[in-house]
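Biologist: I would like a close look at a single part of this protein, please. Could you walk me slowly through one helix and the charged pairs that go with it?

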Amino acid sequence: MAALAPLPPLPPQFKSIQHHLRTAQEHDKRDPVVAYYCRLYAMQTGMKIDSKTPECRKFLSKLMDQLEALKKQLGDNEAITQEIVGCAHLENYALKMFLYADNEDRAGRFHKNMIKSFYTASLLIDVITVFGELTDENVKHRKYARWKATYIHNCLKNGETPQAGPVGIEEDNDVEENEDAGATSLPTEPPQPSSSSTYDPSNMPSSNYTGIQIPPGAHAPANTPAEVPHSTGDIRLTPEDFARAQKYCKYAGSALQYEDVSTAVQNLQKALKLLTTGRE
């Protein structure tokens with residue numbers, strides 16, 4: 001992946017997207033699709049914030065140049081040319097990053113990489129909004145991950161031992177404005193694969209997760225038999241049904257890229273049930 005032209009200094013008005021842009025830079029080599037959509041989210045959000053003042057217009061223009069260059073480099077990658085594939089890619093990546101951090105948290109292994117993984121997962125869920133409204137599950141994950149990153153960061157900063165696992169989200173804790181949890185306390189470079197505590201989506205287990213609700217199918221046993229009722233007569237499927245079935249199949253394909261069999265099986269089962277019964 002060829003290096004992209006650098007961006008000008010970030011205008012103060014765009015402070016809210018600085019971490020999304022940092023995440024994009026960290027994924028330029030690790031996962032260019034993630035990097036592309038992080039920049040797209042930053043571009044869309046920046047346009048809504050301020051597209052008129054000279055410094056903001058200049059910044060957005062350079063960011064657009066980066067997007068066009070990335071899109072050209074990625075060519076006919078389906079995750080770029082087909083939104084449904086791109087959405088599945090982002091959701092699976094964000095979920096695996098979330099699960100890595102959650103497993104570390106539940107095991108009582110508190111460190112900067114896991115804090116960063118929680119926070120980055122929440123940023124990637126922000127990015128998923130480029131495809132439309134978030135599901136309830138994603139909204140819950142984003143809130144929990146951002147709160148966890150802030151909570152654990154503050155505990156370590158104050159020399160306290162965090163409480164492992166879900167301890168209840170403090171509703172009055174404004175995690176949206178906490179910059180420390182996602183910035184100064186964390187390494188600016190992406191973790192290296194040699195670290196035992198590093199997140200790598202291709203090496204993540206698909207089990208050992210309990211607690212807050214996660215997207216359906218993330219942890220069904222790989223050998224779970226398909227419990228699909230047989231069709232009883234003619235099933236009239238709507239265009240929306242076909243679109244949902246296609247989405248489940250795309251999710252399954254994306255999961256297989258990470259060798260996540262359980263997620264793939266569950267999504268294929270959901271598609272089959274929808275197609276044979278007309279219901280989810």
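Modeller: Here is a walk along helix α2, followed by the salt bridges. This is a predicted model, in which local features need pLDDT of at least 70 and side-chain atom pairs count only at pLDDT 80 or more, while totals for chains, interfaces and linings use all residues. Residues are numbered from 1 along each chain as its sequence is written, and side-chain values use heavy atoms, with hydrogens and water left out.

Let's start with the helix itself. Helices here are DSSP runs (H or I, at least four residues), numbered from the N terminus. The expected span of a helix is 1.5 Å times one less than its number of residues. For the 18 residues of α2 that gives 26 Å, and its end C-alpha atoms are 25 Å apart, which agrees. Of these 18 residues, 14 are buried, so α2 is largely enclosed by the rest of the structure. Buried means under 20% relative accessible area, exposed means over 50%, and partly exposed is in between (1.4 Å probe, protein chains only).

Now look at its neighbour. The axes of α1 and α2 come within 8 Å and cross at roughly 160°; such axes are lines fitted to C-alpha atoms, for helices over the stretch in contact, with angles from 0 to 180 degrees between N-to-C directions. That makes α1 roughly antiparallel to α2, a label for angles over 145 degrees. On the α1 side, the contact (heavy atoms within 4.5 Å) is made by His20, Leu21, Thr23, Ala24 and Gln25. Their partners on α2 are Ala35, Cys38, Arg39, Tyr41 and Ala42.

Keep your eye on Arg39, please. Arg39 also forms a salt bridge with Asp28, the closest N and O atoms being 2.7 Å apart. A salt bridge is a side-chain nitrogen of Lys or Arg within 4 Å of a carboxyl oxygen of Asp or Glu. Arg39 lies in α2 (residues 32-49) and Asp28 in the loop between α1 and α2, so the pair ties together parts that are 11 residues apart in sequence. Both Arg39 and Asp28 are buried.

By this rule the count comes to seven salt bridges. One of them joins Lys116 to Glu26, with N and O atoms 2.5 Å apart at the closest. This pair links distant parts of the chain, 90 residues apart: Lys116 is in helix α6 (residues 112-127) and Glu26 in helix α1 (residues 18-26). Lys116 counts as buried because its relative accessibility is 9%, and Glu26 counts as buried at 8%.

Technical notes: Helices (H or I, at least four residues) and strands (E, at least two) are DSSP runs, numbered from the N terminus. Angles under 35 degrees count as roughly parallel, over 145 as roughly antiparallel, 65 to 115 as roughly perpendicular and the rest as oblique.
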